[in-house]
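Take a moment to turn the structure around before reading on. Let us walk through it together, from the inside outwards.

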Amino acid sequence: MEGGIPLENMKKFPKYRKRTWQVVSFVVLFSFLFTGCAKETSPMPILRKASENLSLNIQKMYRSEVYGVQIDLSFPAAARPVPGVTDAAGKTGESGDSVELSAKAAFLFDLTDGRVLYEKNCYEKIYPASTTKLLTAYFLLSYMKEHGIQSSDTYVIRADNCGITRVGAKLFGFQKGDTVTLDLLLNALLVYSANDAAVAIIEYIAAREGASYEDTLERMNDTAARLGATHTNFTNPHGLHELEHKTTAYDLYLIFAACMNHLEFMPIVGQPSYLASYTGADGTAKEQILEATNQYFLNLYTPPKGVVVLGGKTGSTAAAGDCFITLSSFGERTYLSAIFGAETYEELYEQMNRLLELECSDYF
């Protein structure tokens with residue numbers, strides 16, 4: 001017996017054979033489309049050219065190994081950039097030269113019209129360094145909104161530097177017993193890129209929920225999956241290097257876009273410095289000025305003429321290289337651009353400026 005039909009019937013009646021092969025063919029085709037080829041690789045996104053009509057349905061095709069997760073597709077508009085394999089071809093800057101970047105991954109998206117202006121390795125796994133903190137910020141901002149928590153709510157630090165002992169890690173320098181506001185934690189996280197602030201945020205949510213630190217971190221990953229960022233696996237909330245701590249450039253685009261739904265986000269990432277006020281463990285009032293890691297805001301680098309850098313997030317580790325994702329505008333259009341895996345800060349900003357030049361040529 002084969003598929004529930006007696007063999008003698010299959011030989012006697014051709015329609016049985018035809019129907020059986022139709023079913024088998026459908027099953028094989030379905031398995032190929034949704035599980036990939038026989039070799040053990042992660043399912044890849046279905047890519048569409050930027051010139052095609054973009055809609056929520058296309059965005060649902062951005063699939064990965066995380067299946068069955070309900071994806072939130074409500075931000076920021078129905079039309080969203082979805083890079084295809086030829087999107088980087090033929091792009092030129094103001095000088096007329098073709099744009100070829102040495103970074104591991106990069107993109108330039110026109111958020112106004114939902115177009116891809118440049119793309120390189122958007123779906124390849126990368127180490128994100130401190131751009132990780134975008135998801136940590138989104139996790140906290142969403143939690144605050146869901147539970148009606150104000151940014152003035154406070155948290156008492158549990159350990160010096162929140163337990164971070166890695167040499168060279170950037171720290172606010174919290175001491176056990178310091179009382180800090182959520183506003184301070186968010187600004188220390190996004191402006192100054194303090195790794196101990198990232199840990200404190202997860203600890204704060206874990207304490208409120210009566211959950212473990214590890215389970216709360218897993219909830220943060222689930223939050224990314226619900227945004228469609230299903231190639232993201234963060235093993236910590238700050239981005240200090242760990243082997244399995246990976247994401248993609250496109251996932252970080254989705255996360256950044258989600259952050260922009262919170263009104264508090266852009267004012268934070270769009271400032272050159274922040275005055276942190278808190279109560280020390282000894283009960284005294286303390287202050288600390290935190291300078292932004294965004295070097296456009298410190299006037300150490302200058303964007304192309306006419307381009308306004310509105311805000312962004314940097315990151316840097318030996319494994320990830322130098323990274324930067326930023327929101328900018330030229331004329332009446334808004335753009336999101338990113339460089340991941342530059343070898344130096346000089347290269348990072350030089351290549352970012354080459355992307356920003358495309359905004360100028362695109363506008364005209």
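Which residues have the most contacts inside the largest nonpolar core? In this predicted model, they are Phe107, Phe172, Phe174, Leu184, Tyr253, Phe265 and Phe340, and the core that holds them has 79 residues. Helix α8, which runs through residues 249–259, gives the largest share of this core, with 10 residues. There is also a second, separate core of 23 residues, and Ala103, Ala106, Phe330 and Leu355 are among them.

To get a feeling for the surroundings of one core residue, pick out Phe172 on your screen. Setting aside neighbours within four places in sequence, you will find Phe172 in contact with Leu184, Ala188, Tyr192, Ala194, Asp196, Ala276, Tyr278, Gln288 and Leu290. One of these partners, Leu184, is also listed with the residues that have the most contacts inside the largest core.

Now let us turn to charged residues. Side chains of opposite charge can pair when their charged atoms come close. How many salt bridges does a search of the whole structure find? The search finds five, and we can visit some of them here.

Start with Asp110 and Arg333, whose side chains meet in a salt bridge with a distance of 3.3 Å from N to O. This pair links distant parts of the chain: Asp110 belongs to strand β1 (residues 105–110) and Arg333 to strand β11 (residues 333–342), and the two are 223 residues apart. Is Asp110 buried or exposed? Asp110 is buried, because its relative accessible area is 0%, and buried means under 20%. Arg333 has a relative accessibility of 22%, so this residue counts as partly exposed.

Arg333 has another partner as well: its side chain meets that of Asp113 in a salt bridge of 2.4 Å, N to O. Because Asp113 sits in the loop between β1 and β2 (115–120) while Arg333 sits in strand β11, this pair ties together parts that are 220 residues apart in sequence. Asp113 counts as partly exposed, with a relative accessibility of 38%.

For another salt bridge, look at Glu209 and Arg219, where the closest N and O atoms are 3.6 Å apart. Here Glu209 lies in helix α6 (residues 195–209) and Arg219 in helix α7, so the pair ties together parts that are 10 residues apart in sequence. Both partners count as partly exposed, Glu209 at 36% relative accessibility and Arg219 at 32%. Returning to the strands, salt bridges that share partners join Asp110, Asp113, Arg115 and Arg333 into one network.

What else does Glu209 touch, apart from residues up to four places away in sequence? Besides Arg219, Glu209 touches Tyr143 and His147.

Let us finish in helix α7, which spans residues 213–226 and contains Thr223. Is Thr223 buried or exposed? Thr223 has a relative accessible area of 9%, so it is buried. Not counting residues up to four places away in sequence, Thr223 touches Tyr138 and Phe139. Try selecting these residues in the 3D view, and then trace your way back to the places we visited earlier.

Conventions: Residues numbered from 1 in each chain as written. Predicted model: local features only at pLDDT ≥ 70, side-chain atom pairs only at ≥ 80, totals over all residues. Heavy atoms only, no water. Helix = DSSP H or I, 4+ residues; strand = E, 2+ residues; numbered from the N terminus. Buried < 20%, exposed > 50% of the residue type's maximum accessible area, 1.4 Å probe, protein only. Contact = heavy atoms within 4.5 Å. Salt bridge = Lys/Arg side-chain N within 4 Å of Asp/Glu carboxyl O. Core = buried A, V, L, I, M, F, W, Y, C linked by side-chain atoms within 4.5 Å.
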